[in-house]
Amino acid sequence: MRVASGLRTANGAGPATRGSTPAGQVSNERPNADPAERDKASARTEFEAFVAATEPRLNRALAAAYGFEDGRDATAEALAYAWEHWARLQHITNLPGYLFRVGQSRSRRRRQPVVFAVPDAPDYAFEPGLPGALAGLTERQRLAVVLVHGYGYTLREVAELTGIRQTTVQNHLSRGLQRLRERMGVTDGS
Amino acid sequence: MAADLKDQIHILMERGIRPVPAAEVVSQSARTSPFPEGKSRWPGLRSRRGATFATAAVAAACAAAVVAAQPGASTGNTGAGRGRAGRQVPAVLTAAMLQQVTAASRLALAQSGRAIVVSREVLGGTLQQTGTDDISFDGRNWNDSFTMTTPAIAGAPASSESAINRVVDGSAYDYFVAADGLAWYHEVGPDAVSKLAIPDPRALLRELAPAARFAREGTSVIGGVRVTRLTATNVTGLPTLNSPDIWPAGAISALTIWVDGNGVVRQVTVTGKQDVRVGMLAPGAGVRRELAQFLAGVRDLEKREHLAPAQAIEREKFSVIGRDLRQRHLEVVKTEADVTTMTIRFTGIGQPQIIRAPAHAIRVYGRG
């Protein structure tokens, strides 16, 4: 996988650097280090790098779909699944997209309304009706509006992450924005 | 306030999203090693190690659950164990364990916290209403941001209403759609605070009793915290919880709580069930307009009196429109099950909640 292998090279922890000691130098490794422990540590490092790179995108997408709390739980469960099956999953090409589906399937059983509650938001940060209006969109409309409009993702990025076709994302985006503006009473099209 | 909608969405999401660090994922994961058992280069070694890890994890989980519920007790016969086939064996909590849970929860939520309350009412298999309340409290200050959504029923269009009720230093504020648009109002009439009727999400916790015989049903993750699920196996053993003051939506038919490693309740799900007599209109009666008026009256009652839809229907039947409908067209009356499910999720337990008075609010007297 790209992220993990890049990190492996950067950290000098890959097989090529770790296994080969230049002539005349002493290896830092303990000669009798447990190979299992070494694999575990290496996997953990790779996984941490993967989480650092992927978690924000995954969390944003699942929070957009299910609300902050359920979205976070879905992200945690998807990442926990990735960790538990890391040896198998790390070779998947579009692992963030795969984990988005894992998060979706883990959250689907809840079937509860979406909540966008912010505990300590000052009144002037955003329109107080925005969380309710956003929650009133369909799941796909919310995904498109939040990721494309709120975070500036490209249609292609959203399509790769969510498994929805680009043209469909575009449709959901325009309908979602229109509905959001209607619900918030915005009429100037800004 | 950010002028652009995209900026507002960005700010909202960034304020609400809490990151999930890798360390949390690894520590909360049921398996401590990412390698599947028996598929490594050292199958014998790995499977033995895997078994050791798994056993340690199960033992730790059992110990945590029991220590939380009953300090100093033996883990031998009270904790959730695993049967020979590896299946979770339910264990009923003793009175002392439940007392420990209620005490820990009461203490943790005594000063401040936050609760997301999600409710859903289904009448005769048809969804009547869903609602969400985001309630935060800090000492005497309270904030309740709620949304009620009613799907399209019997020709009436779907509707959704949102509002915010807030109490800051004894002053009452609310934010809702008035005739002149969305605005904050400062209510200064008598009993302005009590008229806001912000529900206390901790009320249910006070009524948990050992007679309900809570049994362990497994573990899951809520809010990034590993929790134990406890289900009441005898819901009739909760007489005070069944009183209309605490739970107005019929007799409780199911109650589940999720408890963290410190014995604090993180989530509660309650289901209530009652039989409601529902009037049915004869086919082809041609009373669509009256019916729409009747339903508008029902919704108005729900909003004004904070009634459940089924209760509002019963009340509205005695209005002028309702009587007229009954006399002319209401021909069939049948009994249907009205099922209300409510989930309360506690977050920010014991953490200070920032609840400020709105910067600008229109002062109104006695509107309630």
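**Exercise 1. Work out whether Val276(B) is buried, exposed or partly exposed, and describe its surroundings.**

Step 1: Count the neighbours. Val276(B) has 18 other C-beta atoms within 10 Å, which makes this residue partly exposed. The cut-offs are these: a residue is buried with 20 or more other C-beta atoms within 10 Å of its own, exposed with 12 or fewer, and partly exposed in between, with C-beta atoms placed from the backbone.

Step 2: Place the residue. Val276(B) sits in strand β12 (residues 265-281) of chain B. Helices (H or I, at least four residues) and strands (E, at least two) are DSSP runs, numbered from the N terminus.

Step 3: List the contacts. Neighbours within four places in sequence aside, Val276(B) is in contact with Leu123(B), Ala310(B), Thr335(B), Glu336(B) and Asp338(B). Two residues are in contact if their C-beta atoms, placed from the backbone, lie within 7 Å.

Step 4: Compare sequence and space. Gly124(B) is 152 residues from Val276(B) in sequence, yet their C-alpha atoms are 9.1 Å apart.

A note before you go on: this is a predicted model, where local features need pLDDT of at least 70, side-chain atom pairs count only at pLDDT 80 or more, and totals for chains, interfaces and linings use all residues. Residues are numbered from 1 along each chain as its sequence is written, while chains are lettered from A and ligands numbered from 1 in the order in which they are written.

**Exercise 2. Find the buried residues of helix α8 (residues 309-316) of chain B and say how they are arranged.**

Step 1: The buried residues here are Pro309(B), Ala310(B), Ala312(B), Ile313(B) and Glu316(B).

Step 2: These residues lie on the same side of α8(B), because they cover an arc of only 160 degrees around the axis. The arc is that of the directions from the helix axis to the C-beta atoms.

**Exercise 3. Decide whether Arg142(A) is buried or exposed, and find what it touches.**

Step 1: Arg142(A) belongs to helix α8 (residues 139-150) of chain A. That chain has 10 helices and zero strands.

Step 2: Arg142(A) counts as buried because it has 26 C-beta neighbours inside 10 Å.

Step 3: Not counting residues up to four places away in sequence, Arg142(A) touches Ala64(A), Ala65(A), Leu134(A), Leu137(A) and Gly176(A). Ala61(A) is 81 residues away in sequence and 9.1 Å away in space, C-alpha to C-alpha.

**Exercise 4. Describe the largest nonpolar core and say which helix gives the most to it.**

Step 1: This core has 104 residues, and those with the most contacts inside it are Ala61(A), Leu79(A), Val145(A) and Leu147(A). A nonpolar core is a set of buried Ala, Val, Leu, Ile, Met, Phe, Trp, Tyr and Cys residues joined through C-beta atoms within 7 Å.

Step 2: Helix α3 (residues 35-66) of chain A gives the most, with 11 residues.

Step 3: Look at Leu79(A). Leaving out residues up to four places away in sequence, Leu79(A) touches Val51(A), Glu55(A), Leu99(A), Val20(B) and Val25(B).

**Exercise 5. Judge how confident the predictor is in chain B.**

Step 1: Chain B averages a pLDDT of 72, and 69% of the residues score at least 70. pLDDT is the predictor's confidence in each residue, from 0 to 100.

Step 2: Over residues 30-90 of chain B the pLDDT is below 50, although this stretch has 73 contacts in the model beyond near neighbours in sequence. Where pLDDT is low, the predicted coordinates should not be read in detail.

Step 3: For the model, the scores are ipTM 0.76 and pTM 0.52.
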